[in-house]
Amino acid sequence: MPSAPDRSTLARARAGSVLPGLAVVAAGVAVAVWLGVLQSVLGPLVIALVLGVLLANSSLYAPALRPGVTAGTKKLLRAGVVLLGLQLALPDIVELGLPVLGLIVACVALSYVLTLQLGLRLGLTRAGATLMAAGFSICGASAIAGLQGVVNADDDETAGAVAMVTLYGSLMIVVLPVLGGLLGLSDHRFGVWSGLAVHEVAQVVAVAGTAGTAALAVATVVKLGRVLMLAPVAALASLGERRRAARLDADQATGTGDGDPADTAGTAPGSTRRPPVVPLFVLGFVAMVALRSLGIVPEPVLETGRTVTTILLAAGMFGLGAGIDVRRLLRTGGRFAVVGALSTILLAGGSLLGVLLVA
(Lines give C-alpha, C1' and ligand atoms only; values in the text may rest on other atoms or scores of the structure.)
Protein backbone atom coordinates (compact mmCIF):
# COMPACT_ATOMS: atom_id res chain seq x y z
CA MET A 1 0.00 0.00 0.00
CA PRO A 2 1.58 3.35 -1.08
CA SER A 3 2.40 5.85 1.63
CA ALA A 4 0.75 9.29 1.77
CA PRO A 5 3.68 10.97 0.00
CA ASP A 6 3.59 8.30 -2.69
CA ARG A 7 -0.12 8.88 -3.27
CA SER A 8 0.47 12.62 -3.39
CA THR A 9 3.24 12.16 -5.94
CA LEU A 10 1.04 9.92 -8.09
CA ALA A 11 -1.79 12.44 -7.94
CA ARG A 12 0.53 15.26 -9.03
CA ALA A 13 1.87 13.10 -11.84
CA ARG A 14 -1.64 12.30 -13.08
CA ALA A 15 -2.62 15.97 -12.91
CA GLY A 16 0.51 16.95 -14.79
CA SER A 17 -0.22 14.43 -17.53
CA VAL A 18 -3.63 15.92 -18.30
CA LEU A 19 -2.85 19.63 -17.92
CA PRO A 20 -1.43 20.19 -21.45
CA GLY A 21 -4.46 18.56 -23.05
CA LEU A 22 -6.91 20.41 -20.80
CA ALA A 23 -5.28 23.69 -21.82
CA VAL A 24 -5.84 22.79 -25.48
CA VAL A 25 -9.50 21.94 -24.75
CA ALA A 26 -9.98 25.26 -22.97
CA ALA A 27 -8.49 27.12 -25.94
CA GLY A 28 -10.67 25.15 -28.37
CA VAL A 29 -13.83 25.89 -26.39
CA ALA A 30 -12.97 29.60 -26.22
CA VAL A 31 -12.52 29.73 -30.00
CA ALA A 32 -15.73 27.74 -30.58
CA VAL A 33 -17.81 30.04 -28.36
CA TRP A 34 -16.31 33.12 -30.00
CA LEU A 35 -16.99 31.84 -33.51
CA GLY A 36 -20.49 30.81 -32.45
CA VAL A 37 -21.25 34.38 -31.43
CA LEU A 38 -20.04 35.77 -34.76
CA GLN A 39 -22.62 33.87 -36.83
CA SER A 40 -25.89 31.96 -36.37
CA VAL A 41 -25.51 28.98 -38.71
CA LEU A 42 -23.09 26.86 -36.67
CA GLY A 43 -23.39 26.64 -32.91
CA PRO A 44 -20.42 26.39 -30.52
CA LEU A 45 -20.96 22.64 -30.08
CA VAL A 46 -20.54 21.88 -33.76
CA ILE A 47 -17.58 24.23 -34.07
CA ALA A 48 -15.90 22.60 -31.06
CA LEU A 49 -16.39 19.16 -32.62
CA VAL A 50 -14.84 20.36 -35.89
CA LEU A 51 -11.89 21.89 -34.06
CA GLY A 52 -11.33 18.59 -32.25
CA VAL A 53 -11.42 16.70 -35.54
CA LEU A 54 -8.95 19.13 -37.12
CA LEU A 55 -6.58 18.70 -34.20
CA ALA A 56 -6.82 14.90 -34.15
CA ASN A 57 -6.11 14.60 -37.85
CA SER A 58 -3.13 16.94 -37.87
CA SER A 59 0.50 16.59 -36.88
CA LEU A 60 -0.13 18.93 -33.92
CA TYR A 61 -1.86 16.23 -31.88
CA ALA A 62 1.14 15.12 -29.83
CA PRO A 63 0.80 12.05 -27.57
CA ALA A 64 1.31 14.26 -24.52
CA LEU A 65 -1.98 16.05 -25.30
CA ARG A 66 -4.20 12.99 -25.63
CA PRO A 67 -4.87 12.18 -21.93
CA GLY A 68 -6.06 15.70 -21.16
CA VAL A 69 -8.06 16.19 -24.36
CA THR A 70 -10.11 13.02 -23.93
CA ALA A 71 -10.34 13.08 -20.11
CA GLY A 72 -13.93 13.11 -18.90
CA THR A 73 -15.49 13.62 -22.35
CA LYS A 74 -18.66 11.66 -21.59
CA LYS A 75 -18.96 13.17 -18.11
CA LEU A 76 -18.72 16.68 -19.53
CA LEU A 77 -21.38 15.92 -22.13
CA ARG A 78 -23.77 14.49 -19.58
CA ALA A 79 -23.19 17.34 -17.14
CA GLY A 80 -24.04 19.74 -19.96
CA VAL A 81 -27.25 17.87 -20.75
CA VAL A 82 -28.25 18.01 -17.07
CA LEU A 83 -27.82 21.79 -16.99
CA LEU A 84 -29.73 22.04 -20.28
CA GLY A 85 -32.82 21.35 -18.19
CA LEU A 86 -32.51 24.82 -16.64
CA GLN A 87 -33.52 26.29 -20.00
CA LEU A 88 -36.94 24.60 -19.90
CA ALA A 89 -39.89 25.98 -17.96
CA LEU A 90 -42.97 23.75 -18.09
CA PRO A 91 -45.51 26.61 -17.73
CA ASP A 92 -44.16 28.23 -20.93
CA ILE A 93 -44.53 24.97 -22.83
CA VAL A 94 -48.01 24.21 -21.42
CA GLU A 95 -49.20 27.62 -22.66
CA LEU A 96 -48.83 26.35 -26.22
CA GLY A 97 -52.10 24.46 -25.77
CA LEU A 98 -53.02 20.81 -26.12
CA PRO A 99 -53.17 20.70 -29.94
CA VAL A 100 -49.60 22.00 -30.33
CA LEU A 101 -48.35 19.87 -27.42
CA GLY A 102 -49.88 16.81 -29.06
CA LEU A 103 -48.24 17.81 -32.33
CA ILE A 104 -44.83 18.07 -30.62
CA VAL A 105 -45.14 14.58 -29.12
CA ALA A 106 -46.41 13.08 -32.39
CA CYS A 107 -43.64 14.66 -34.50
CA VAL A 108 -40.88 13.60 -32.12
CA ALA A 109 -42.22 10.05 -31.78
CA LEU A 110 -42.84 9.47 -35.48
CA SER A 111 -39.58 11.11 -36.55
CA TYR A 112 -37.61 9.08 -34.02
CA VAL A 113 -39.12 5.73 -34.99
CA LEU A 114 -38.97 6.34 -38.74
CA THR A 115 -35.38 7.64 -38.65
CA LEU A 116 -34.29 4.71 -36.50
CA GLN A 117 -35.85 2.22 -38.91
CA LEU A 118 -34.41 4.01 -41.94
CA GLY A 119 -30.97 3.93 -40.39
CA LEU A 120 -31.15 0.22 -39.64
CA ARG A 121 -32.44 -0.63 -43.11
CA LEU A 122 -29.74 1.45 -44.79
CA GLY A 123 -26.93 -0.26 -42.93
CA LEU A 124 -26.20 1.90 -39.89
CA THR A 125 -25.48 0.16 -36.61
CA ARG A 126 -28.21 0.37 -34.00
CA ALA A 127 -26.12 2.91 -32.09
CA GLY A 128 -25.58 5.08 -35.18
CA ALA A 129 -29.26 4.89 -36.16
CA THR A 130 -30.30 5.81 -32.62
CA LEU A 131 -28.07 8.89 -32.61
CA MET A 132 -29.49 9.99 -35.95
CA ALA A 133 -33.03 9.47 -34.67
CA ALA A 134 -32.36 11.46 -31.49
CA GLY A 135 -30.55 14.28 -33.25
CA PHE A 136 -33.12 14.79 -35.97
CA SER A 137 -36.25 14.34 -33.86
CA ILE A 138 -35.28 16.11 -30.62
CA CYS A 139 -32.55 18.74 -30.43
CA GLY A 140 -29.58 18.08 -32.66
CA ALA A 141 -26.12 17.83 -31.13
CA SER A 142 -27.38 18.06 -27.52
CA ALA A 143 -29.60 14.99 -27.97
CA ILE A 144 -26.77 13.13 -29.69
CA ALA A 145 -24.50 13.96 -26.76
CA GLY A 146 -27.10 12.66 -24.32
CA LEU A 147 -27.70 9.37 -26.13
CA GLN A 148 -24.09 8.68 -27.14
CA GLY A 149 -23.19 7.00 -23.85
CA VAL A 150 -26.54 5.26 -23.45
CA VAL A 151 -26.17 3.28 -26.69
CA ASN A 152 -22.36 3.03 -26.47
CA ALA A 153 -21.83 4.67 -29.87
CA ASP A 154 -18.30 5.24 -31.08
CA ASP A 155 -16.85 8.66 -31.87
CA ASP A 156 -17.19 8.27 -35.64
CA GLU A 157 -20.91 7.51 -35.35
CA THR A 158 -21.35 10.51 -33.09
CA ALA A 159 -19.48 12.75 -35.53
CA GLY A 160 -21.52 11.44 -38.45
CA ALA A 161 -24.79 12.22 -36.69
CA VAL A 162 -23.66 15.69 -35.61
CA ALA A 163 -22.43 16.47 -39.12
CA MET A 164 -25.79 15.52 -40.61
CA VAL A 165 -27.96 17.57 -38.23
CA THR A 166 -25.65 20.50 -38.93
CA LEU A 167 -25.77 20.06 -42.70
CA TYR A 168 -29.51 19.60 -43.06
CA GLY A 169 -30.39 22.07 -40.33
CA SER A 170 -28.31 24.69 -42.12
CA LEU A 171 -30.11 23.94 -45.38
CA MET A 172 -33.43 24.48 -43.58
CA ILE A 173 -32.34 28.03 -42.72
CA VAL A 174 -32.53 28.77 -46.45
CA VAL A 175 -35.40 26.51 -47.48
CA LEU A 176 -38.04 27.02 -44.77
CA PRO A 177 -38.44 30.81 -45.07
CA VAL A 178 -38.88 30.45 -48.84
CA LEU A 179 -41.48 27.69 -48.43
CA GLY A 180 -43.24 29.62 -45.65
CA GLY A 181 -43.61 32.63 -47.93
CA LEU A 182 -44.84 30.53 -50.86
CA LEU A 183 -47.41 28.82 -48.64
CA GLY A 184 -48.56 32.09 -47.10
CA LEU A 185 -48.19 30.83 -43.53
CA SER A 186 -49.10 33.18 -40.71
CA ASP A 187 -46.38 34.17 -38.25
CA HIS A 188 -47.85 31.79 -35.66
CA ARG A 189 -47.99 28.82 -38.02
CA PHE A 190 -44.52 29.50 -39.38
CA GLY A 191 -43.17 29.73 -35.84
CA VAL A 192 -44.72 26.39 -34.88
CA TRP A 193 -43.44 24.77 -38.07
CA SER A 194 -39.93 26.12 -37.53
CA GLY A 195 -39.87 24.80 -33.97
CA LEU A 196 -41.04 21.37 -35.12
CA ALA A 197 -39.00 20.91 -38.28
CA VAL A 198 -35.54 22.41 -37.61
CA HIS A 199 -32.93 20.42 -35.73
CA GLU A 200 -30.76 22.76 -33.61
CA VAL A 201 -32.02 25.51 -31.29
CA ALA A 202 -29.70 28.05 -32.94
CA GLN A 203 -30.98 27.03 -36.36
CA VAL A 204 -34.59 27.46 -35.19
CA VAL A 205 -33.77 31.00 -34.07
CA ALA A 206 -32.19 31.76 -37.45
CA VAL A 207 -35.19 30.39 -39.37
CA ALA A 208 -38.01 31.85 -37.29
CA GLY A 209 -36.26 35.20 -36.92
CA THR A 210 -36.85 35.84 -40.63
CA ALA A 211 -40.59 36.11 -39.90
CA GLY A 212 -40.32 38.50 -36.95
CA THR A 213 -40.46 38.42 -33.17
CA ALA A 214 -43.90 36.78 -32.92
CA ALA A 215 -42.82 33.77 -34.98
CA LEU A 216 -39.51 33.60 -33.12
CA ALA A 217 -41.18 33.52 -29.70
CA VAL A 218 -43.49 30.66 -30.70
CA ALA A 219 -40.75 28.72 -32.46
CA THR A 220 -38.41 28.89 -29.47
CA VAL A 221 -41.00 27.52 -27.05
CA VAL A 222 -42.04 24.77 -29.46
CA LYS A 223 -38.40 23.79 -29.89
CA LEU A 224 -37.91 23.69 -26.12
CA GLY A 225 -40.93 21.38 -25.98
CA ARG A 226 -39.04 19.03 -28.26
CA VAL A 227 -35.96 19.32 -26.06
CA LEU A 228 -38.10 18.20 -23.11
CA MET A 229 -38.69 14.91 -24.93
CA LEU A 230 -35.01 14.08 -24.44
CA ALA A 231 -35.73 12.64 -20.98
CA PRO A 232 -38.36 10.02 -21.95
CA VAL A 233 -36.57 9.11 -25.17
CA ALA A 234 -33.26 8.56 -23.34
CA ALA A 235 -35.01 6.46 -20.70
CA LEU A 236 -36.71 4.32 -23.37
CA ALA A 237 -33.43 3.94 -25.27
CA SER A 238 -31.75 2.79 -22.06
CA LEU A 239 -34.48 0.21 -21.45
CA GLY A 240 -34.06 -1.01 -25.01
CA GLU A 241 -30.32 -1.42 -24.48
CA ARG A 242 -30.97 -3.42 -21.31
CA ARG A 243 -33.33 -5.76 -23.15
CA ARG A 244 -30.81 -6.17 -25.97
CA ALA A 245 -28.03 -6.96 -23.48
CA ALA A 246 -30.26 -9.53 -21.77
CA ARG A 247 -31.01 -11.15 -25.13
CA LEU A 248 -27.30 -11.32 -25.97
CA ASP A 249 -26.64 -12.90 -22.56
CA ALA A 250 -29.32 -15.49 -23.26
CA ASP A 251 -27.91 -16.21 -26.73
CA GLN A 252 -24.43 -16.71 -25.29
CA ALA A 253 -25.77 -18.98 -22.55
CA THR A 254 -27.68 -21.19 -25.02
CA GLY A 255 -25.13 -20.98 -27.84
CA THR A 256 -27.64 -19.42 -30.25
CA GLY A 257 -27.43 -16.16 -32.14
CA ASP A 258 -30.53 -15.76 -34.24
CA GLY A 259 -31.31 -12.19 -33.24
CA ASP A 260 -31.36 -9.13 -35.43
CA PRO A 261 -27.86 -8.57 -36.88
CA ALA A 262 -28.23 -4.87 -36.09
CA ASP A 263 -28.36 -5.80 -32.42
CA THR A 264 -24.78 -7.00 -32.50
CA ALA A 265 -23.36 -4.63 -35.12
CA GLY A 266 -20.72 -2.46 -33.55
CA THR A 267 -20.79 -4.50 -30.31
CA ALA A 268 -17.62 -6.20 -29.17
CA PRO A 269 -17.87 -9.97 -28.74
CA GLY A 270 -18.95 -10.83 -25.22
CA SER A 271 -19.94 -7.23 -24.48
CA THR A 272 -23.29 -7.15 -22.67
CA ARG A 273 -22.95 -3.86 -20.84
CA ARG A 274 -26.30 -2.90 -19.35
CA PRO A 275 -27.05 0.79 -18.80
CA PRO A 276 -29.22 1.77 -15.82
CA VAL A 277 -33.00 1.64 -16.25
CA VAL A 278 -33.07 5.44 -16.10
CA PRO A 279 -29.65 7.04 -16.69
CA LEU A 280 -28.53 9.33 -13.91
CA PHE A 281 -28.11 12.27 -16.27
CA VAL A 282 -31.80 11.94 -17.27
CA LEU A 283 -32.85 12.23 -13.63
CA GLY A 284 -30.59 15.27 -13.30
CA PHE A 285 -32.11 16.80 -16.44
CA VAL A 286 -35.64 16.30 -15.09
CA ALA A 287 -34.62 17.77 -11.72
CA MET A 288 -33.28 20.90 -13.45
CA VAL A 289 -36.50 21.25 -15.46
CA ALA A 290 -38.53 20.99 -12.25
CA LEU A 291 -36.31 23.56 -10.53
CA ARG A 292 -36.67 26.02 -13.41
CA SER A 293 -40.42 25.46 -13.55
CA LEU A 294 -40.82 26.47 -9.91
CA GLY A 295 -39.71 29.96 -10.85
CA ILE A 296 -37.31 30.28 -7.91
CA VAL A 297 -34.03 30.43 -9.82
CA PRO A 298 -32.81 34.03 -10.26
CA GLU A 299 -32.24 35.22 -13.81
CA PRO A 300 -28.48 35.79 -13.26
CA VAL A 301 -28.18 32.13 -12.21
CA LEU A 302 -30.10 31.01 -15.30
CA GLU A 303 -27.85 33.11 -17.51
CA THR A 304 -24.77 31.63 -15.88
CA GLY A 305 -26.29 28.18 -16.31
CA ARG A 306 -26.73 28.75 -20.03
CA THR A 307 -23.10 29.77 -20.37
CA VAL A 308 -21.82 26.82 -18.32
CA THR A 309 -24.03 24.44 -20.32
CA THR A 310 -22.49 25.65 -23.57
CA ILE A 311 -18.96 25.35 -22.18
CA LEU A 312 -19.49 21.82 -20.85
CA LEU A 313 -21.09 20.53 -24.04
CA ALA A 314 -18.49 22.25 -26.22
CA ALA A 315 -15.64 20.76 -24.17
CA GLY A 316 -17.18 17.30 -24.48
CA MET A 317 -17.67 17.74 -28.23
CA PHE A 318 -14.04 18.83 -28.62
CA GLY A 319 -12.98 15.63 -26.87
CA LEU A 320 -15.22 13.55 -29.12
CA GLY A 321 -13.83 15.24 -32.20
CA ALA A 322 -10.31 14.42 -31.09
CA GLY A 323 -11.14 10.72 -31.31
CA ILE A 324 -12.38 10.78 -34.89
CA ASP A 325 -10.57 9.34 -37.89
CA VAL A 326 -11.68 11.46 -40.87
CA ARG A 327 -10.78 8.79 -43.44
CA ARG A 328 -12.96 6.19 -41.75
CA LEU A 329 -15.78 8.73 -41.32
CA LEU A 330 -15.73 9.55 -45.03
CA ARG A 331 -16.04 5.87 -45.90
CA THR A 332 -19.25 5.54 -43.89
CA GLY A 333 -20.67 9.06 -44.28
CA GLY A 334 -22.80 8.29 -47.33
CA ARG A 335 -25.30 6.22 -45.37
CA PHE A 336 -25.60 8.93 -42.72
CA ALA A 337 -26.25 11.51 -45.47
CA VAL A 338 -29.06 9.47 -47.04
CA VAL A 339 -30.72 8.81 -43.67
CA GLY A 340 -30.42 12.51 -42.77
CA ALA A 341 -31.97 13.66 -46.03
CA LEU A 342 -34.93 11.29 -45.74
CA SER A 343 -35.45 12.12 -42.08
CA THR A 344 -35.41 15.86 -42.76
CA ILE A 345 -37.96 15.53 -45.57
CA LEU A 346 -40.24 13.34 -43.46
CA LEU A 347 -40.09 15.63 -40.44
CA ALA A 348 -40.56 18.83 -42.45
CA GLY A 349 -43.45 17.40 -44.48
CA GLY A 350 -45.18 15.68 -41.58
CA SER A 351 -44.89 18.66 -39.25
CA LEU A 352 -46.20 21.03 -41.97
CA LEU A 353 -49.26 18.82 -42.42
CA GLY A 354 -49.79 18.84 -38.66
CA VAL A 355 -49.44 22.62 -38.47
CA LEU A 356 -52.00 23.11 -41.24
CA LEU A 357 -54.43 20.82 -39.43
CA VAL A 358 -54.17 21.97 -35.81
CA ALA A 359 -52.12 25.17 -35.39
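Helices here are DSSP runs of H or I with at least four residues, strands are E runs of at least two, and numbering goes from the N terminus. This is a predicted model, so local features need pLDDT of at least 70 and side-chain atom pairs count only at pLDDT 80 or more, while totals for chains, interfaces and linings use all residues. Residues are numbered from 1 along each chain as its sequence is written, and side-chain values use heavy atoms, with hydrogens and water left out.

**View A. Ala-79 in helix 4 and its distant partner in sequence, Gly-284.** Find Ala-79 in helix 4, which covers residues 73-84. Ala-79 is partly exposed at a relative accessible area of 30% (buried is under 20%, exposed is over 50%, and partly exposed is in between, using a 1.4 Å probe and protein chains only). Along the chain, Ala-79 and Gly-284 are 205 residues apart, yet their C-alpha atoms are separated by 8.6 Å.

**View B. Pro-20 in helix 1, shown with Val-69.** Pro-20 belongs to helix 1 and counts as partly exposed, with 36% relative accessibility. From its C-alpha atom to that of Val-69 is 8.3 Å, although their positions lie 49 residues apart along the chain, counted as a separation in sequence.

**View C. Gln-39 in the loop after helix 1, shown with Ala-206.** The loop between helix 1 and helix 2 is where Gln-39 sits. Its relative accessible area is 30%, so Gln-39 is partly exposed. Ala-206 is 167 residues away from Gln-39 along the chain, and the two C-alpha atoms are separated by 9.8 Å.

**View D. The largest pocket and its lining.** A pocket, on a 1 Å grid over the protein atoms alone, is an open set of points where a 1.4 Å probe fits, with protein on both sides within 12 Å along at least five of seven lines; lining residues have an atom within 4 Å of a point. The largest pocket holds about 760 Å³ of space, counted as the space filled by probe spheres set on the points, which are joined across faces, edges and corners. Its lining has 30 residues, and the closest to the centre are Pro-44, Gln-87, Val-201, Ala-202 and Thr-310. Helix 1 (4-38), helix 2 (44-56), helix 11 (201-208) and helix 16 (299-321) each contribute at least two lining residues. Which helix gives the most to the lining of the largest pocket? That's helix 16, with seven residues. By type, the lining splits into 16 nonpolar, 11 polar and three charged residues.

**View E. A salt-bridge network around Arg-306.** Side chains of opposite charge can pair when their charged atoms come close. A salt bridge is counted when a side-chain nitrogen of Lys or Arg is within 4 Å of a carboxyl oxygen of Asp or Glu, and that rule gives two of them. Arg-306 pairs with Glu-299 at 2.8 Å, N to O. Arg-306 also pairs with Glu-303, with the closest N and O atoms 2.8 Å apart. Glu-303 and Arg-306 are three residues apart in helix 16, so about one helical turn separates them. The relative accessible areas are 27% for Arg-306, 46% for Glu-299 and 42% for Glu-303, and Glu-299, Glu-303 and Arg-306 are linked in a network.

**View F. Asn-152, a residue with positive phi.** Most residues other than glycine have a negative phi. Asn-152 has a phi near 60 degrees, a positive value, and isn't a glycine. Look for Asn-152 in the loop between helix 8 (141-148) and helix 9. At 40% relative accessibility, Asn-152 is partly exposed.

Methods: Ala, Val, Leu, Ile, Met, Phe, Trp, Tyr, Cys and Pro count as nonpolar, Asp, Glu, Lys and Arg as charged, and the others, Gly among them, as polar.
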